[in-house]
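The following paragraphs lead the reader through one structure. It may help to keep the sequence and the model in view while reading.

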Amino acid sequence: MISLAFSHPELAEAMISAHELRLLYEEEARNRYKDSMFVGNPEPDKKQVTNRGFDFWEFWQKAFHYHNRGEMSDDIWMQWDGMFRKKLFYKMYRSNWTSINYDKYSNEFTTYVNRVMSGK
């Protein structure tokens, strides 16, 4: 699916939306049933936008490098870039980026995200 998502940004957006909805559902279940012995109220790591096997930043980094290597057309990259720039309006993503270990990501990608975050 991830390989297809690099060719079809709409699929990538749907995958990210599904991940976000799952996080919202889990938060609602924790809050609604916090006294239940079945659900409890375990708080997730606030730094984790990347939990449950989905790493938002790694996903974006792969697309970034595919484009830079010429494996993704400019038209498709523009859709990816626009989608991810929209995500960076959300506090959840902005605070996650500022709290992660950048060593996991390439210097080029880190510079790029920091430039996007600064509004350039």
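In helix H5 of this predicted model, the buried residues are Tyr 93, Asn 96 and Trp 97. Seen down the axis of H5, these residues fall within an arc of 100°, so they line one face of the helix. An α-helix has 3.6 residues a turn, so residues three or four places apart point the same way. The face of H5 turned away from the buried side carries Lys 91 and Thr 98, both of which are exposed. Against which helices does the buried side of H5 pack? Its buried residues pack against H2, H3, H4 and H6.

One contact of Trp 97 leads into helix H6, where Thr 110 is found. Leaving aside residues up to four places away in sequence, Thr 110 touches Trp 97, Tyr 102 and Tyr 105. Thr 110 has a relative accessible area of 11%; because this is under the 20% limit, the residue counts as buried.

Helix H4 offers a second case of a helix with a buried side and an exposed side. The 14 residues of H4 should span 20 Å at 1.5 Å a residue, and the end C-alpha atoms are 20 Å apart, which agrees. Buried in H4 are Trp 77, Trp 80, Asp 81, Met 83, Phe 84 and Lys 87. Down the helix axis they occupy an arc of 165°, and they therefore line one face of H4. On the other side of H4, the exposed residues are Asp 74, Asp 75, Met 78 and Lys 86.

Trp 77 deserves a separate look. This residue of helix H4 counts as buried because its relative accessibility is 10%, under the 20% limit. Not counting residues up to four places away in sequence, Trp 77 touches Trp 60, Ala 63, Phe 64, His 67, Met 72 and Tyr 112. Of these, Phe 64 is 13 residues from Trp 77 along the chain, and the two C-alpha atoms are separated by 7.8 Å. Trp 60, in turn, touches Trp 77, Asp 81, Phe 84, Leu 88, Phe 109, Tyr 112 and Val 113, again without residues up to four places away in sequence.

Trp 60 also belongs to a wider group. The largest nonpolar core has 26 residues, and those with the most contacts inside it are Trp 57, Phe 59, Trp 60 and Trp 80. Helices H1, H2 (9-32), H3 (56-68), H4 (74-87), H5 (91-99) and H6 each supply at least two residues of this core. The largest share, six residues, comes from H3. In soluble globular proteins, nonpolar side chains tend to be buried together.

The chain as a whole may now be considered. The protein chain has six helices and zero strands. Of its 120 residues, 38% count as buried. Among contacts between residues at least 6 apart in sequence, 63% join residues at least 24 apart. The accessible surface comes to about 7,800 Å², of which 54% belongs to carbon and sulfur atoms.

Confidence varies along the model. The average pLDDT of the protein chain is 78, and 82% of the residues score at least 70. Among the elements, helix H1 (residues 2-7) has the lowest mean pLDDT, 74, and helix H6 (residues 107-117) the highest, 93. Over residues 46-51, pLDDT stays under 50, and the model has 15 contacts beyond four places in sequence for this stretch. Where pLDDT is low, the predicted coordinates should not be read in detail.

How values were computed: Residues numbered from 1 in each chain as written. Predicted model: local features only at pLDDT ≥ 70, side-chain atom pairs only at ≥ 80, totals over all residues. Heavy atoms only, no water. Helix = DSSP H or I, 4+ residues; strand = E, 2+ residues; numbered from the N terminus. Buried < 20%, exposed > 50% of the residue type's maximum accessible area, 1.4 Å probe, protein only. Contact = heavy atoms within 4.5 Å. Areas by Shrake-Rupley, 256 points an atom, 1.4 Å probe, with all protein chains shown as cover. pLDDT = per-residue confidence, 0-100. Core = buried A, V, L, I, M, F, W, Y, C linked by side-chain atoms within 4.5 Å. Expected span 1.5 Å × (residues − 1). Arc of directions from axis to C-beta.
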